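Reader: I have a structure to look at and some terms I do not understand. Could you go through them with me?

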Amino acid sequence: MSEAAVVRLEKRGDIGVIIVDYPPVNALGPGVAEGIIACLQEGNADPAIKAMVMVGAGRSFIAGADIRGFGTARKRLPLGERPYDLLDRSAKPVVAAIHGFALGGGLETAMGCHYRVATKSAKLGLPEVLIGILPGGGGTQRLPRLAGPKRALEMITSGRHVPASEAINYGIVDRVVDDSADIVDAGIAFAREIADKRPLPRVRDNETKLQEARDNPGIFDDIRKSIARRARNQKAPYNCIAAVEAACTLPFDQGMAREQELFEELVNADEAKALRYAFFAEREVAKIPGLSKDVPIREFKNAAVVGAGTMGGGIAMSFADFGFPVKIMDATAEGLAKGMQRIRDNYATSVKRGSLAQDEMDRRLARIEPVAGYDDIAQQDVVIEAVFEQMDVKKPIFVKLDEVMKPGALLLSNTSALDIDEIASVTKRPQDVAGAHFFSPANVMKLLEVVRGSKTAPDTLASVMQLGKKIGKISAVAGNCDGFLANRSRAPFNSEMVILLEEGCLPAQVDKVMVDFGYPMGPFAVGDLAGLDVGYAGRKRRADANPNYRRLPIADKLVEMGRYGQKTGAGWYKYEKGDRTPHTDPEVTALIKQISAEMGVPQREFTDQEILRRLLFSSLNEACKILEEGIAYRGSDIDVMWLHGFGFPRYRGGLMFWADGIGVRDVYNQIAAWHQQYGERWAPSPFLRQLAENGTKLSAAKAPGIA
Ligand code: 3HC
């Protein structure tokens, strides 16, 4: 695309309108910065133009720098010559007129302008930290001047998108107009009002709000402390803080230079590479190979959930949280009442913590309607079954749903492992049936695993993906097999962590390695939180079906002793009443030693690296089998699932991306060595061997036949 095409200047009477037109979201791609500068010069040179308005064509203002350009040889304009540096030097006023998104370099461009007008629901933010960098277009210097250092720190370290209706309270925008207003007209009207006003206000010159930090320089250490846990192992959040600190201690131009230095430290680091990868993997996962864009999406305005247990309640909350009315039913009135109470308690906890306003809780609760029976849900657009994970419990429910639900309703099962084809087979409309596997807690975890049965219709699949998006989930498609993509790829990890105990590790040691790696909690502590009885039931089912199934005697014994995890006050750890802190339990240590001795497993010491690789490589090997079978479309889909379903540290990209950092050949060789040592469960996936031979990255791998 030529420069002229991506940015143009149009005259509307005495106002010049600079239009950035780089679909789909007006990122600052090739030629855009140069185009803005050329239009700015043209507007200044034209005596008929008194003021300028900058707008984005299409659905958005400017979504930021072009992320695809980072880490490539593409040249960026040097400091001092970028639109961010030149806009406020314009002799004629420039008004940014914002709709849609003004993010990153987009908001930085707007802050370089003299004034900002925005539609009420336009979103403004500096989300660079989420891709491992900092706002490098003056955002760390101008936002503290506009909004004050404290607010700027909050926005920059969180990357939060702030609606214009809120941003106006912080001084980031000068005027908010109704969403129904034409943003170009609103910008022009504003420009006419201020066209003759001098001197032109420049954000760089206004230091009033910086005083807040000059009077109290402790705010920087305070925020460093407050983010320490979530920013573990990362550099970008700290460089963001350092850059804002520079805004408060250095003159503007020196602050800009410091921002650049801090930016350059980040942009090519592993952290930023991993986070950029995650950003694009999350967009790729929404694309279903072979599915035409014209597939009609089924209308969805409301939902029903069958089963008011923990999962069912969380799923109902997911709908209510995003504005959808949802009916919920249960096998018993008592179960329903208990489920509704759990939902109320969950919302009340959020209100108590301050993360939800009482009136918003009331609105959400009002959207969840407990109902007595199937007839009450028959007219809903989608129904999600979320009952006990047992085929003979689920099947009769689908028989009933088939009987009552209106034609065209989506019939979804929240199974995490059972055969979706078998479930669909009891209905006369298997084309409308799919899996919708939510992760616990369902209203919090962002992953939705959409399971494609052999008869699931393309429009069903597309509609479920769309539904996930509408309730704030990241949806990923998986094929039908035991455990689907997510749980099947995770299962070897779950086994391996217990096998490590047989060989001499202890739960706290394994947990520490994984927390140090970046997981929010160690896997044993997570097991206690989720409940150990669930895994036990799954193992029993698999062992009954397969005599060669590798049992986990230590894990089984714990459950048989009644240690189900936090809910019974004891699991891998023990817990004080009313406290979720895990404490090492000598009884468990003794049990591990005793069972290991009975099994005759030699005991030894483990390095952190060996523990980490034993867990992650086991899953990675399975992930390659999953890819080979076409259960997953892409290696990057597996990463998205691990990021959003299992808490894999985002700044490491995902399971496959992380392993690429080690090198696919080394990974293969290690797995092959463990195959020799430990036998069949480590048999390397032939697909992995192929990738190793070809030198193909795991994160770039695709299932056979996928373009
Ligand atoms: N650069 C390159 N491509 C981008 C992009 C960007 N900044 N923002 C979005 N895109 C692409 C997406 O990859 C996607 O491409 P695809 O259709 O080929 O998959 C397409 O635009 C549409 O994006 P979404 O599917 O995400 O559309 P949504 O409507 O769901 O979301 C959005 C829109 C909120 C703008 C979201 O895309 C987003 O968050 N974008 C990134 C914003 C960002 O991080 N900006 C900061 C960039 S870094 C920066 O500015 C540095 C500066 O300080 C110097």
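Author: We can start with charge. This is a predicted model, and in the protein chain the mean positions of the 91 positive and 90 negative charges are 1 Å apart.

Reader: What makes a residue count as positive or negative here?

Author: Lys and Arg count as positive, Asp and Glu as negative. On that count the protein chain has 91 positive and 90 negative charges.

Reader: How do you know that the radius of gyration of the protein chain agrees with a compact globule?

Author: The value is set against a rule for globules. For 707 residues the rule gives a radius of gyration near 27 Å, and the protein chain has 28 Å, so the two agree. Along its principal axes, the C-alpha trace spans about 90 × 60 × 55 Å.

Reader: How many of the contacts in the protein chain, as a percentage, join residues 24 or more positions apart?

Author: Such residues account for 73% of the contacts with a separation of 6 or more. A contact means heavy atoms within 4.5 Å.

Reader: What is the domain assignment of the protein chain?

Author: It gives domain 1 (3-268), domain 2 (303-482) and domain 3 (504-605). The centres of domain 2 and domain 3, taken over C-alpha atoms, are separated by 30 Å.

Reader: Why is Gly 312 called buried?

Author: Buried means under 20% relative accessible area. Gly 312 has 0% relative accessibility, so it counts as buried. This residue lies in helix 14 (residues 310-321). Leaving out residues up to four places away in sequence, Gly 312 touches Val 305, Gly 307, Ile 328 and Ala 386.

Reader: How far apart in space are Gly 312 and Asn 443?

Author: From C-alpha to C-alpha the distance is 9.9 Å, while in sequence Gly 312 and Asn 443 are 131 residues apart.

Reader: Why is helix 27 described as largely enclosed by the rest of the structure?

Author: The same cut-off applies: under 20% relative accessible area is buried. In helix 27 (residues 635-645), 11 of the 11 residues are buried, so the helix is largely enclosed. Among them are Ile 638, Trp 642 and Leu 643, and also Asp 637 and Asp 639.

Reader: Which elements do the buried residues of helix 27 pack against?

Author: They pack against helix 13 (270-284), strand 18 (447-451), strand 19 (474-478), helix 20 (486-502), helix 26 (608-628) and helix 28 (655-662). After helix 27 comes Gly 647, with a positive phi near 70 degrees.

Reader: What is notable about phi in Asn 26 and Phe 484?

Author: Neither residue is a glycine, and phi is positive in each: near 55 degrees in Asn 26, about 50 degrees in Phe 484. Asn 26 sits in the loop between strand 2 and strand 3, and Phe 484 in the loop between strand 19 and helix 20.

Reader: Are these two loop residues buried or exposed?

Author: Asn 26 has 1% relative accessibility, so it counts as buried. Phe 484 is buried too, because its relative accessible area is 0%.

Reader: Which peptide bonds are called cis, and what is omega there?

Author: One is the bond from Pro 23 to Pro 24, with omega near 5 degrees. Another joins Ser 440 and Pro 441, where omega is about -10 degrees. Pro 24 is in the loop between strand 2 (15-20) and strand 3 (27-28), and Pro 441 in the loop between strand 17 (433-438) and strand 18.

Conventions: Residues are numbered from 1 along each chain as its sequence is written. This is a predicted model: local features need pLDDT of at least 70, side-chain atom pairs count only at pLDDT 80 or more; totals for chains, interfaces and linings use all residues. Side-chain values use heavy atoms; hydrogens and water are left out. The radius of gyration is taken over C-alpha atoms; the globule rule is 2.2 Å times the number of residues to the power 0.38. The place of a charge is taken as NZ of Lys, CZ of Arg, CG of Asp or CD of Glu. Domain bounds come from an automatic or database domain assignment. Buried means under 20% relative accessible area, exposed over 50%, partly exposed in between (1.4 Å probe, protein chains only). Helices (H or I, at least four residues) and strands (E, at least two) are DSSP runs, numbered from the N terminus.
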